[in-house]
Amino acid sequence: MLLLILQPLKMKLLHILTFTTSILISLTTISQNVKDSTITKTSYGIRIGADILKPLVSVLENNGSSFEIIGDFRVYKNFYSAVELGFQEKTTNEDYLNFSTKGSYIKVGGNYNLYENWKGMHNEIYIGVRYAYSTFSQTLHNYTPNVKGTYFIPITIEDGQEFTNLNAQWIELIFGLKVETLKNLYLGGSISFNNMISTKEPTNFKNLQVPGFNKVNLNSAGVGFNYSISYHIPIFKGIN
């Protein structure tokens, strides 16, 4: 008799337990889905490209050749390691001398992205720092002594002397941007403010032009510009 009374109660408790369990499972699933939807995964990989401004300027000015290969890698969230490798051969014609500079350079450092992207965007407005080193040679083609204010007639002296095994090292502060125009394809531009640390100069001739540094001013400062196109090669995805 007791079993007949307890049997309906047992069934009712079993139904309540099953219903409660199903609600808890549903709530857990919904919570997990909400959590997953708020997690943004970002692609990490190598971005490789080239500066398209330098060869264009060389062609337009018809004074040599120049190219630069750029690359960066996203280390963590808004931090990127960066490197640039380049070569430059340029003939410079000043008021009193004509000379050529030829050499290569490397720049290493990093960028910090200041831009807060919307979900799915990968653009950058960044500030960066570089350490740069260049090895090069200078060839003095000719020079004209400055005789203004005297009775002497200025005469151009042909020289042709080459100075080899020269080097320079400097630091750069960079401001730039990179915009993803197509999937994984970026266009970018930057301006760099350079400050010379040290330079090996030939006797009686100053390094007025250094590959990668560009024109060296009297205060050992310089300015550089970059307009690049690059492609991002995804390697893995991480949580942003």
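When I speak of a contact this morning, I mean heavy atoms within 4.5 Å of each other. With that in hand, here is a first statement about this protein, which is a predicted model: among its contacts with a separation of 6 or more, 63% are between residues 24 or more positions apart.

Let me go through the overall plan. The protein has 2 helices and 10 strands, and if you read along the sequence, the order is α-β-α-β-β-β-β-β-β-β-β-β. There are 240 residues, of which 33% count as buried, and the protein exposes about 15,400 Å², with carbon and sulfur atoms supplying 65% of that area.

Before the details, a word on confidence. The average pLDDT of the protein is 82, and 75% of the residues score at least 70. Confidence is highest in strand E7, at a mean of 96, and lowest in helix H1, residues 2-38, at a mean of 48. Over residues 1-6 the pLDDT stays under 50, and the model has 0 contacts beyond four places in sequence for them; over residues 30-37 the pLDDT also stays under 50, and there the model has 1 such contact. Where pLDDT is low, the predicted coordinates should not be read in detail.

Now to the charged side chains. The structure holds 8 salt bridges, and I will take three of them in turn. In one of these, the side chains of Lys54 and Glu68 meet, at 3.7 Å from N to O. Lys54 belongs to helix H2, residues 53-61, while Glu68 belongs to strand E2, residues 64-76, so this pair ties together parts that are 14 residues apart in sequence. Both Lys54 and Glu68 are buried.

Another salt bridge is formed by the side chains of Lys178 and Asp72, at 2.6 Å from N to O. Here the pair links distant parts of the chain, with Lys178 in strand E6, residues 157-182, and Asp72 in strand E2, 106 residues apart. Are these two partners buried or exposed? Lys178 has a relative accessible area of 8%, and because buried means under 20%, Lys178 counts as buried; by the same cut-off Asp72, at 6% relative accessibility, is buried as well.

The third salt bridge is between Lys206 and Glu201, whose closest N and O atoms are 3.7 Å apart. In this pair Lys206 is partly exposed, at 37% relative accessibility, and Glu201 is also partly exposed, with a relative accessible area of 35%. Returning to Lys178 and Asp72, salt bridges that share partners join these two with Arg47 and Glu124 into one network.

Arg47 has a further neighbour to mention, since its charged end sits over the ring of Tyr186, 4.5 Å from the ring centre. A comparable arrangement involves Arg74, which lies over the face of Tyr44, at 5.1 Å from the centre of that ring.

That brings me to the aromatic rings, for which the count comes to 6 aromatic pairs. One of them is formed by Phe99 and Phe205, and it is edge-to-face, with 5.7 Å from centre to centre and 75° between the planes. What parts of the chain does this pair link? Phe99 is in strand E4, whereas Phe205 is in the loop between strand E7, residues 185-200, and strand E8, residues 209-210, so far along the chain that the two are 106 residues apart. Both Phe99 and Phe205 are buried, and together with Phe163 they form one aromatic cluster.

Staying with strand E4, residues 97-113, I would like to end on Gly103, which has its place there. Gly103 is buried, with a relative accessible area of 8%. Which residues is Gly103 in contact with, leaving aside its neighbours within four places in sequence? They are Gly86, Phe87, Gln88, Thr135, Phe136 and Pro211. As for Leu166, the C-alpha atoms of Gly103 and Leu166 are 9.2 Å apart in space, although the two residues are 63 residues apart in sequence.

Conventions:
Residues numbered from 1 in each chain as written. Predicted model: local features only at pLDDT ≥ 70, side-chain atom pairs only at ≥ 80, totals over all residues. Heavy atoms only, no water. Salt bridge = Lys/Arg side-chain N within 4 Å of Asp/Glu carboxyl O. Helix = DSSP H or I, 4+ residues; strand = E, 2+ residues; numbered from the N terminus. Buried < 20%, exposed > 50% of the residue type's maximum accessible area, 1.4 Å probe, protein only. Areas by Shrake-Rupley, 256 points an atom, 1.4 Å probe, with all protein chains shown as cover. Phe/Tyr/Trp six-rings, centres within 6.5 Å; stacked < 30°, edge-to-face > 60°. Lys NZ or Arg CZ within 6 Å of the ring centre and 35° of its normal. pLDDT = per-residue confidence, 0-100.
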